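User: Could you take a close look at one part of this protein for me and walk me through what surrounds it? I would enjoy a connected tour rather than a list.

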2 protein chains.
Amino acid sequence: MNLTKESKAEKLTELARRRGFFWPALELYGGVSGFLSFGELGVKLKEKIIRLWRDYFVYRHDFTEVDTPLISPYTVFEVSGHVESFKDPMAECSKCHRKFRADHLLMEFGRHVPERMSIEDMKKELNKGDVKCKECGNTKWDVGHFLTMFRTTIGPYSENEGFMRPETAQGMFTEFKRLYEVSRGKMPLGVAQIGKAFRNEISPRQGVIRLREFSMMEVEFFFDPSDPACHLLDQVEDEELRILPEETVAKGIEEPLVMTVKEALNKGVIKQEWLAYFMVLSKKFLRKLGIPEDQQRFYAKLPGERAHYSAQTYDHEVLLDKFGWVEVAGHAYRTDYDLSSHMKKSSVDLSISVQLKEPIKVKRLKMNIDAKKIWKAFPDKVSGILKGLHGMNPEDVKKEIEDLGAVVVEGCRLPMDAVEFVEVEEETKVRRFIPHVVEPSFGIERLIYATLEYAYWEKEERRVVLRILPCLAPIQAAVFPLVSKKRLQKKSLAVLEDLRRRGIDVIYDDSGSIGRRYARADEIGVPFSITTDYQTLDDDTVTVRDRDTWKQKRISVKDLSEYLLELLHYNCSLDESKESYR
Amino acid sequence: MNLTKESKAEKLTELARRRGFFWPALELYGGVSGFLSFGELGVKLKEKIIRLWRDYFVYRHDFTEVDTPLISPYTVFEVSGHVESFKDPMAECSKCHRKFRADHLLMEFGRHVPERMSIEDMKKELNKGDVKCKECGNTKWDVGHFLTMFRTTIGPYSENEGFMRPETAQGMFTEFKRLYEVSRGKMPLGVAQIGKAFRNEISPRQGVIRLREFSMMEVEFFFDPSDPACHLLDQVEDEELRILPEETVAKGIEEPLVMTVKEALNKGVIKQEWLAYFMVLSKKFLRKLGIPEDQQRFYAKLPGERAHYSAQTYDHEVLLDKFGWVEVAGHAYRTDYDLSSHMKKSSVDLSISVQLKEPIKVKRLKMNIDAKKIWKAFPDKVSGILKGLHGMNPEDVKKEIEDLGAVVVEGCRLPMDAVEFVEVEEETKVRRFIPHVVEPSFGIERLIYATLEYAYWEKEERRVVLRILPCLAPIQAAVFPLVSKKRLQKKSLAVLEDLRRRGIDVIYDDSGSIGRRYARADEIGVPFSITTDYQTLDDDTVTVRDRDTWKQKRISVKDLSEYLLELLHYNCSLDESKESYR
């Protein structure tokens, strides 16, 4: 067990490449940073992590799963705020025109980069003479923003710009209305999506940790903001979280507080009960992947660092050998930001109405519009202006007049006295609201890497065993004929076919010594190695060798699949499986 | 059963949208042609079709599955020939600049569009005065090519162009070397990939049939061209295929010939045994999806219509109600086109070497290079030229000289007599070859649609039953408490939890009359509806209603999951499951 920090990550990378978990894509063209290819073991591990995630986050809550496009038109990401905010500061060498992440470059040259550092300040710092271009040694820099979404054009018209989605979330907001209808008016409504997302990094360099193309598993949980309580809270309120709240982070403290969910909610450290609930699930899910609780923490994003849509965000971080604390999930309280924005832009009503038993009185702002005054000011445009004005929310009109001094409709600045506001009180049996959203969001490739790193173990010098949870193992069983005899090979293949038919991921290997075959199986985490030998031909038994203990056990072939299935499912069922969502 | 042709497709589309199988994406912004969103039922159906496909094409052959990037740099699709060939003819109205598929437009105006019609000829036809722009009525047209790949830029340098892949295949070619190494030198080697692909259609209009973003399941089967026989042929050679060979297609005949695989191979109608083998699997796979053999056919692509890489292609077509014969899969013999192209461009050796028992004599072309002559012509560049020349294949150099009159290295046109060619005979115990490739390739969305259309059935007027194979049903069981009583609801949820734990996709529904609940379940193809009633509380039995016969049966709760699992797997195991690949 004398692994140096560097070497573990390196050995794991070498193993992942040699055995085909994953490797940098397009090696034959020198590679393209930020893109990976996954081989069979990677594909299977990914699938099993997804299955486990669905157990934790989707099935038991009866959430609905969707699959929306990866390419979306400009409008979607304009409305979501990504066009405005999804940018990195970029420094360009004025001589050779090499481009770098400006903040990373400053940090490499020993600068402290405060939050929300302006482009102007970065430019000043970069041009102080000591920050040299790695390519040409020049010290003069241009600094600007780089939009980190992949752009494309949809169809043959160059003005129809589109983007590869940087998160799967928007599809769940744009399709919310239909999803709500399909669910026959369920509220709260949980929607899940698993799929690719893209981030056009300026110069990614951390292998599997910083990818331009990656996979996400996200839930958007829609709830009534006037009924924000989590009815599952009693299941989790005594759970402890290792947490760094905003004020702790702001002080630069790195050591998390340990507090129960109840405490965190009482102290306002977590602002929303559902947010807390999903954070606990997230912790348990990672524990199941093999990451101990003391190697996990929840790190608050400071207001300036949070995504533009979020009222509170905790990064769920994992301690990795080479990379330090790495975010593998984000838990954000997105409020009604996205739905409201899409509602405003599309003019499609995305609010939910609730029938009340008793009528309630609601105050409402009403506009009295003086058409005559508008006609006097804009005689040619009056009908368009009136139509536009009627389509607007009185609250918004009032705010615009207050903020900007007047309201502009159809390009016309209306006279101040053309619109009057009166507050009216109405009785109604309908309450309308725009759902709020809490979002747990996971990056699959980072989870794969973290899972592998925590499973990586050297039993003896250079004898690698991947101690991955049996139900997550890409290959769950291997069948070996002890010697290369036709009858043993045939028997082994029959055993394999039977296990495969029971849904077990199984391989066959008859090349090399049995010791080498065990070693090859250990290295990719096969929990059970099954060997047929001469005794098998006599009494129809096989040996089953355990990956972690290297102990062997003789089992009758007819009991084999049941025996393995039980061990494969053991410890993989949810610890909370008895508690129903309803 | 009085469905008119139009109405079935329309009803299915309405059902798919209302129940959340799939619908046009971004309806709130008026939709974007060519993009769909899938709801829970669509996601689950897709997953089950993928699982069945893996049973047919991947697992039983021990093929390896990969997951490679969706975005690739320009080079990949330049080398693959897509930049040159993946284009549609586009007509642009010279007045309002609306753009149309030129060939489609001509056909709409009654023109016959022959294969390989040139852009010039299209321009002539379009400008004869009768082809009016649908937008503005103008009759003058510009005609050109439109590259139907989505373009993007990778990273911050505008010259680093990339594309969204139009097929998953290239990733399997570019990563071939590693895949071959990971497989420890397996040949033949089957590689599978399932994932998104993109085609930037000019103006897609056929809903689910013509998408800009879609999903594929592809196998690239690599084999030794000097050992092209399929060792599984005996399993399929007596199978009949409904086939339209090239000469039949060329005559304009639409009625397929029915012939056995053996005949088709003997007559040269199918050129490669593996191609024939996968065509039979393809037929059987579609039959399992519920598409009868007489609604399927294999349609040869004529040389001019085939993709640039293919020596033979059969489209696997299915007869659909509204769309006619629609391609759901393609079977192509890609030869060594892709590997050779990537090998040439990258200078990475992608050939395979086989150790021979007996040495063989091979003839080889050798270059004798006269460095002096090169030095005389290009004194400054001689070392670069020599290095370049040594890295080139003598066959290629000879061909270039023959075709172009000289060879150009490092931008220098070498003197004719600087290189001499001699044929040498060598003895070797190593044979080298570039694998040939046969490719079965499926479009998932079209399979989903075809599956639903063939499952769609109206039992009585307006009483819809989706008679989908139980193992493919998105939801496999529904649990209903007969009446809304706490104890029955609780019991029903316990039954649900138990079935879910056994891996059955199950829903719970307690709203509305039992008749309405059955109807809702039938309409989405739930094969088994389980009802708890007062008797359940006495003797722990439930009724199980069959979707297709509407017959009910009383079953003990303790036997329920086994009973359902058996029915769910019945008819879903492979009919060829006994026959092993080895």
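Is Asp533(A) buried or exposed?

Analyst: Happy to help. Please keep in mind that this is a predicted model. Asp533(A) counts as buried, because its relative accessibility is 13% and the cut-off for buried is under 20%.

Let's start with the partner of this residue. Asp533(A) forms a salt bridge with Arg554(A), with N and O 2.8 Å apart. The two residues come from distant parts of the chain, 21 residues apart. Arg554(A) sits in strand S28 (residues 552-556) of chain A, while Asp533(A) belongs to the loop between strand S26 (528-532) and helix H20 (534-539) of chain A. Arg554(A) has a relative accessible area of 30%, so this residue is partly exposed. The bridge therefore pairs a buried acid with a partly exposed base.

That bridge is one of 113 salt bridges over all chains, and chain B offers some good ones to set beside it. Arg297(B) and Glu317(B) form a salt bridge whose closest N and O atoms are 2.7 Å apart. Arg297(B) lies in strand S14 (residues 296-300) and Glu317(B) in strand S15 (residues 312-320) of chain B, so this pair ties together parts 20 residues apart in sequence. Here both partners are buried.

Another salt bridge in chain B joins the side chains of Arg463(B) and Asp522(B), at 3.3 Å from N to O. Because Arg463(B) is in strand S23 (residues 463-466) and Asp522(B) in helix H19 of chain B, the pair connects parts that are 59 residues apart in sequence. Arg463(B) is buried, with a relative accessible area of 17%, and Asp522(B) is buried at 0%. Salt bridges can also share partners: Asp88(A), Arg101(A), Asp103(A), Arg199(A), Glu201(A) and Arg210(A) are joined in this way into one network.

Helix H19 (residues 514-523) of chain B deserves a moment of its own. Besides Asp522(B), its buried residues include Arg517(B), Tyr518(B), Arg520(B), Ala521(B) and Glu523(B). After H19(B) comes Gly525(B), with a positive phi near 80 degrees.

Some other backbone spots are worth finding on your screen. Most residues other than glycine have a negative phi, and most peptide bonds are trans. Against that background, Ser347(A) has a positive phi of about 60 degrees although it is not a glycine. Ser347(A) is placed in the loop between helix H13 (337-346) and strand S17 (352-369) of chain A, and its 67% relative accessibility is why this serine counts as exposed. In chain B, Arg184(B) also has a positive phi, near 55 degrees, and belongs to the loop between H8 and S10. Pro188(B) is found in the loop between helix H8 (176-182) and strand S10 (189-198) of chain B, and the peptide bond leading from Met187(B) to Pro188(B) is cis, with omega near 0 degrees. In chain A, the peptide bond from Met187(A) to Pro188(A) is cis, with omega near 0 degrees, and Pro188(A) lies in the loop between helix H8 (176-182) and strand S10 (189-198) of chain A.

Now for the contact between the chains. Chain A and chain B each contribute 83 residues, and together they bury about 6,500 Å², 54% of it on carbon and sulfur atoms. Twelve salt bridges cross the interface, including one between Arg178(B) and Glu27(A), whose closest N and O atoms are 3.0 Å apart. There are also 45 residue pairs in polar contact between the two chains. On the side of chain A that touches chain B, helix H2 (residues 40-58) gives the largest share, six residues. That side divides into 36 nonpolar, 17 polar and 30 charged residues.

Last come the rings, with 52 aromatic pairs over all chains. One of them is Phe223(B) with Tyr333(B): the ring centres are 6.3 Å apart and the planes meet at 25 degrees, so the pair is stacked. Phe223(B) lies in strand S11 (residues 213-223) and Tyr333(B) in strand S16 (residues 324-335) of chain B, so the stack links parts 110 residues apart in sequence. Both residues are buried. In chain A, Phe223(A) and Tyr333(A) belong to one aromatic cluster, whose members include Trp53(A), Phe63(A), Trp274(A) and Phe442(A).

Definitions and conventions
Residues numbered from 1 in each chain as written. Chains lettered and ligands numbered in written order. Predicted model: local features only at pLDDT ≥ 70, side-chain atom pairs only at ≥ 80, totals over all residues. Heavy atoms only, no water. Contact = heavy atoms within 4.5 Å. Buried area = accessible area lost by both parts, 1.4 Å probe. Salt bridge = Lys/Arg side-chain N within 4 Å of Asp/Glu carboxyl O. Polar contact = N/O pair within 3.5 Å; in protein donor to acceptor, adjacent residues only side chain to side chain. Helix = DSSP H or I, 4+ residues; strand = E, 2+ residues; numbered from the N terminus. Nonpolar A, V, L, I, M, F, W, Y, C, P; charged D, E, K, R; others polar. Phe/Tyr/Trp six-rings, centres within 6.5 Å; stacked < 30°, edge-to-face > 60°. Buried < 20%, exposed > 50% of the residue type's maximum accessible area, 1.4 Å probe, protein only.
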